[in-house]
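Colleague: Got a minute to go through this model with me?
Modeller: Sure, let me pull it up.

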Amino acid sequence: MTEAFSYSSLGKHGKGGISLSFYTYSYIEQVGQASHTAWYVISFLALAALFVVSIKYLRSSFSSRYRDLVVLLFLAVIFLGGMQYGDYNRMKSDREQTSRMVQFVQSLSKDLDVPAGDIKVNSTNLKQGMLVDVQGTFYVIHFNADYTSFQYERTHLLRRDIQIVDKED
């Protein structure tokens, strides 16, 4: 592979500029495993409350006090269900993107003969022109149309004020 040199700018120029974030391999793996347990617990509690209030409503001869609570809780469960469905679709897409990014980092790791833990990327999703930091050497990545193969070329950053984002312990 021939080494081409290009220069990348990093956000705003001058003092107080924006630093570029690079994500570690362990952070990318963690993002793919994140769960939304809190939303599931809230949804379950709302559903349980709806069930309890519905039983009280039926036992109290259709009292209007419980009827209002049933309607309110039913609407809350519908709202939370819609949010869960949207989150499920987003999480499914995020997991797929994260899986592709993990495969990319592993492939680049083998190609450059460095541990995957020494590779940092400036995006959590695959994208054209993505920057990669491999032990202090920066590369720009170019993918084919369907993101099944890539080329990398060495690049130089104008400013080296980067922020490393690692997994939370």
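Modeller: What follows covers confidence, the pocket and two backbone angles.

Modeller: This is a predicted model, so to speak plainly: local features need pLDDT of at least 70, side-chain atom pairs count only at pLDDT 80 or more, and totals for chains, interfaces and linings use all residues. Residues are numbered from 1 along each chain as its sequence is written, and side-chain values use heavy atoms, with hydrogens and water left out.

Colleague: What's the mean pLDDT of the chain?
Modeller: The mean is 80, and 83% of the residues reach 70 or more; pLDDT is the predictor's confidence in each residue, from 0 to 100.

Colleague: Where does pLDDT stay under 50?
Modeller: Over residues 1–16.

Colleague: New topic: which residues line the largest pocket?
Modeller: Arg100, Gln103, Phe104, Ser107, Leu126, Phe143, Tyr147, Thr148, Ser149 and Phe150.

Colleague: And which helix gives the most to that lining?
Modeller: Helix α3, residues 64–112, with four residues. Helices are DSSP runs of H or I, at least four residues, and strands are runs of E, at least two, numbered from the N terminus.

Colleague: Tyr147 is in that lining, so what about its phi?Modeller: Tyrosine 147 has a positive phi of about 60 degrees although it is not a glycine. Its place is the loop between β5 (137–143) and β6 (150–157).

Colleague: Is tyrosine 147 buried, exposed or partly exposed, and what is its relative accessibility?
Modeller: Tyrosine 147 is partly exposed, at 28%. Buried means under 20% relative accessible area, exposed over 50%, partly exposed in between (1.4 Å probe, protein chains only).

Colleague: How was a pocket defined?
Modeller: On a 1 Å grid over the protein atoms alone, a pocket is an open set of points where a 1.4 Å probe fits, with protein on both sides within 12 Å along at least five of seven lines; lining residues have an atom within 4 Å of a point.

Key:
Contact means heavy atoms within 4.5 Å.
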